[in-house]
Amino acid sequence: MSSYNKNDTCRMYINEKPNKDDIVIAEVISIEESFVNCKLLEYNNIEAMLSLRNIQRRRFRGKIPLRKKQVIYCQVLTEMDNEYTDISKRDVSANEIELIKLQWIKCKFVHSLFKTVLVNSEMTLLNLYEKFGWKLCEEDGGHIYDYLDKFVENPELIDNYDLEQDIKDLLITTMKKKFKAKEREIRATIEMTCFTHHGIQGIKNVLIKNKCEGIKMCVINCPLYSITMRCLNTDEGIKKMNEIINQIGEDIKEYGGKMDIKDKPKVFEKENNNYLNK
């Protein structure tokens, strides 16, 4: 197999060009007398034109408030089938910028992952997007990134796609490496007591019954108990932990005990040693 050409790039979406009103990421190529020439980073660097009147709402005099290689966030003004792509920077809101920044992070992650897989393959980046990437979200929409973590826990799903076995194996291996670093820890604290004749044995029975793969339960300082788990999808993780806590509450009642939630399930950042609001 020939070595993968690092310059072999392609667009990041199934559409070859953005639709009208889409928010896109553009990089300034050159600043001309009456317009700014840009390239659209998500669409394989196709060129787009930003007229001076669409740079900002306020009028400016003298030097254009942009510089070469500056990354800007713009709205597309032309239809997809138009020969030229006109963009505007003046009406893009702060909320739209935050959303496209998040989208861009996902795009770069997927692009990097796919390039890693194809380092020693003759398959092109475009082929991998067509046979695998874009098929992931063709039914439900969304972004490719949002569907990749399911292959980490269920690698057999990769067999549903028309890829060579070595590419399938590399995809699974690479996804596991990339996503492992992105696992987050979720923690909760509960208070559990049992003053019937079952006592501490009743509490032990409840904890053992509800302990499952990926969930850790331990005593902090009686009657406080911590529940922790690591997961990729924090929303699903919090939902699962809430279900377990509710079940613990129901089970301890059968022993005549009581359970209260002291700290609801939250994402825990080890670097800062504190909880994130979730």
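**Figure 1. Closed barrel of five strands in the predicted model.** The strands of this predicted model form a closed barrel in the order E1-E2-E3-E5-E4, with mixed pairing; strands (E, at least two residues) and helices (H or I, at least four) are DSSP runs numbered from the N terminus, and two strands pair if DSSP finds at least two bridges between them. From one strand to the next, the twist averages 55°, where axes are lines fitted to C-alpha atoms, for helices over the stretch in contact, and angles run from 0 to 180 degrees between N-to-C directions. Helix H1 (residues 94–117) packs on the sheet and touches strands E1 (23–31) and E4 (71–76), contact being heavy atoms within 4.5 Å. The direction of H1 makes about 90° with that of E1.

**Figure 2. Pairing of strands E3 and E5.** Strands E3 (residues 46–51) and E5 (residues 86–88) run parallel and are joined by two bridges. Met 49 has Asp 86 in E5 as its bridge partner.

**Figure 3. Lys 177 in helix H5.** Lys 177 lies in helix H5 (residues 165–180). With a relative accessible area of 64%, Lys 177 is exposed (exposed, over 50%; buried, under 20%; partly exposed, in between; 1.4 Å probe, protein chains only). Lys 177 and Leu 113 are 64 residues apart in sequence, and their C-alpha atoms are 9.9 Å apart in space.

**Notes.** Residues are numbered from 1 along each chain as its sequence is written. Local features need pLDDT of at least 70, side-chain atom pairs count only at pLDDT 80 or more, and totals for chains, interfaces and linings use all residues, while side-chain values use heavy atoms, with hydrogens and water left out.
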